[in-house]
Amino acid sequence: MIWIVTDSAQEMKNNKGKGLVVVKLPVLVNGEVPQEEITDEQFYLLLDSEGVNLTTSQFSPAGFAELFEELLKDPEDEVVAVCLSSTLSGTYNSARLAAMESGGRIHLVDSNNACLSQTALVKEALHLRDQGMDASEIADALEQAKKEVKLFALVPTLKYLKKGGRISAAKATIGELAGIKPIVTIDENGEVGVAAQTRGIKKAIRQIASLVEEAGLDPNRPIALGYSGLDDANIHALTTELESVLGISLAQVEPCSLSQVLGVHVGPGAAGIGFFTKK
C-alpha cells in the first residue's frame, strides 16, 4: 500500500479504506485545545465573539512519528506526504523530522500551496497512485505538478489573514477599504498574495472567472471548489459564472465547506477554486 498523507489545511477527508490519511491541524480557543469538538455553527459564532481568540497550530513531529510508525507496519508499505506550504506552517518540518528514521519509505512533498490548490494536489496524488506509479514517482510528479496548480478565492475581508500572520499588514490594508473585495492566491513562494481587487461580491466572482480563464484551467485534471461559513450562495454563484465563462460543466465537482483551520484565517463568506493549468 502507498499511503497518501496530508493535513486539514486542504479539503479531502480522512479515508483509510482508500489509503488517504488526513492529520487534523489543531484549532485553539484562547490558546487551549477544546475538550469537545466544536460544530461549524459554534465555530463561526466564536470567531467574532468578544474575548475569544481562535488560532491554529502545526501538527507535531511526535504526532507524525506515531502515524508513520502505524502506517509502515507492513514492510512493503510506503508513504507520500503532501503538506501545507512550509512558508505558512511548520507542519512540513514536523513531518520531515518524523521521517528522518524511515529508511527512505516516506516521501515528503512541500505542496507550496494551501486550501483548494493543495486539495487539487492531493487528488492528483491519489490519481497517480491509482494509475500505478510507485511512491518515489508520485513524489517526483507532484514536485512538478505543484508548479502547475492555482488558487483564486474571494475573501470578503483580509482581517483574519492579517490577524493570523498569514498576510502582511501592508497587503491587508486592501481588505480594509470600504467595499473592496480582495481575491487571494498562493504565489510561487507558497505565500498568500492578492491577485486582484474589486468592489462588490458579484464583480469579484466575475473577476475570479476571468483570472481562471486567463490562467488556462485544465478540465482533465483535478478541480476543487470550496466556501467558508454556513452560506454556500457565493460558491454556487462562482460555479455558475465559471461554467459560463469557461464553457464547461462543473457538475462533477462537489463544492466543499472549508475546514475550521482555514475558517480561522479567511472568516465566513469566502469562495474559491483550486485547479491545474494546461501544460
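**View 1. Ile4 and Val80 face each other across two parallel strands.** In this predicted model, Ile4 sits opposite Val80 of β5. The strands around this pair are β1 (residues 2–7) and β5 (residues 78–83), which pair in the parallel sense over five bridges. They belong to an open sheet of four strands, ordered β2-β1-β5-β6, and the pairing is parallel. At the edges you'll find β2 (20–23) and β6 (106–110), each with a single partner strand, so one side of each has no neighbour in the sheet. Ignoring direction, neighbouring strands here are turned against each other by 20° on average. Helix α4 (residues 115–130) packs on this sheet and touches β1, β2 and β5. The direction of α4 makes about 175° with that of β1.

**View 2. Edge strand β6 is mostly covered.** How many residues of β6 are buried? Five of its five are. Ile106, Leu108 and Asp110 point one way from the strand, while His107 and Val109 point the other way, and all are buried. On the partner side, five bridges join β5 to β6, and the two run parallel. One pair to pick out is Val79, which stands opposite Ile106 in β6.

**View 3. Thr119 is tucked into helix α4.** Zoom in on α4 and you come to Thr119, which lies in this helix. Is Thr119 buried or exposed? Buried: its relative accessible area is 2%, and the cut-off for that label is under 20%. The side chain of Thr119 reaches the backbone oxygen of Cys115 at 2.9 Å. Setting aside residues up to four places away in sequence, Thr119 touches Gln10, Glu11, Met12 and Ala224.

**View 4. Ala153 and Val184 mark the pairing of β7 with β8.** Now for the other sheet: an open one of six strands, in the order β9-β8-β7-β12-β10-β11, with mixed pairing. Its edge strands are β9 (192–199) and β11 (256–257), and each of them pairs on one side only. Inside this sheet, β7 (residues 149–154) and β8 (residues 180–186) run antiparallel and are joined by two bridges. Ala153 stands opposite Val184 in β8. As a reminder, strands of a sheet pair through backbone hydrogen bonds, either parallel or antiparallel.

**View 5. Helix α9 lies across the six-stranded sheet.** The strands that α9 lies across are β7, β10 and β12, and the helix runs at about 45° to β12. With 14 residues (233–246), α9 reaches 20 Å from its first C-alpha to its last, close to the 20 Å expected at 1.5 Å a residue. Which residues of α9 are buried? They are Ile235, Leu238, Thr239 and Leu242. Seen down the axis of α9, the buried residues fall within an arc of 100°, so they line one face of the helix. The spacing rule behind this sort of pattern is familiar: an α-helix has 3.6 residues a turn, so residues three or four places apart point the same way. On the other side of α9, Thr240 and Ser244 are exposed. The cover over the buried residues of α9 includes α8 (201–215), β10 (223–227) and β12 (271–276). Just past the end of α9, Gly247 takes a positive phi of about 70°.

**View 6. Leu211 in helix α8 and its contacts.** Helix α8 turned up in the previous view as part of the cover on α9, and Leu211 has its place in α8. Leu211 is buried, with a relative accessible area of 13%. What is Leu211 in contact with, leaving aside its neighbours within four places in sequence? Phe152, Ile183, Ala195 and Ala196. For a sense of scale, Leu211 and Leu72 are 139 residues apart along the chain, and their C-alpha atoms are separated by 42 Å.

**View 7. His265 makes a side-chain polar contact with Thr56.** His265 lies in helix α10 (residues 260–266). His265 counts as buried, at 9% relative accessibility. Which side chain does the side chain of His265 make a polar contact with? That of Thr56, at 3.0 Å.

Notes: Residues numbered from 1 in each chain as written. Predicted model: local features only at pLDDT ≥ 70, side-chain atom pairs only at ≥ 80, totals over all residues. Heavy atoms only, no water. Expected span 1.5 Å × (residues − 1). Buried < 20%, exposed > 50% of the residue type's maximum accessible area, 1.4 Å probe, protein only. Arc of directions from axis to C-beta. Contact = heavy atoms within 4.5 Å. Pairing = 2+ DSSP bridges. Axes fitted to C-alpha atoms, helices over the stretch in contact; angles between N-to-C directions. Polar contact = N/O pair within 3.5 Å; in protein donor to acceptor, adjacent residues only side chain to side chain.
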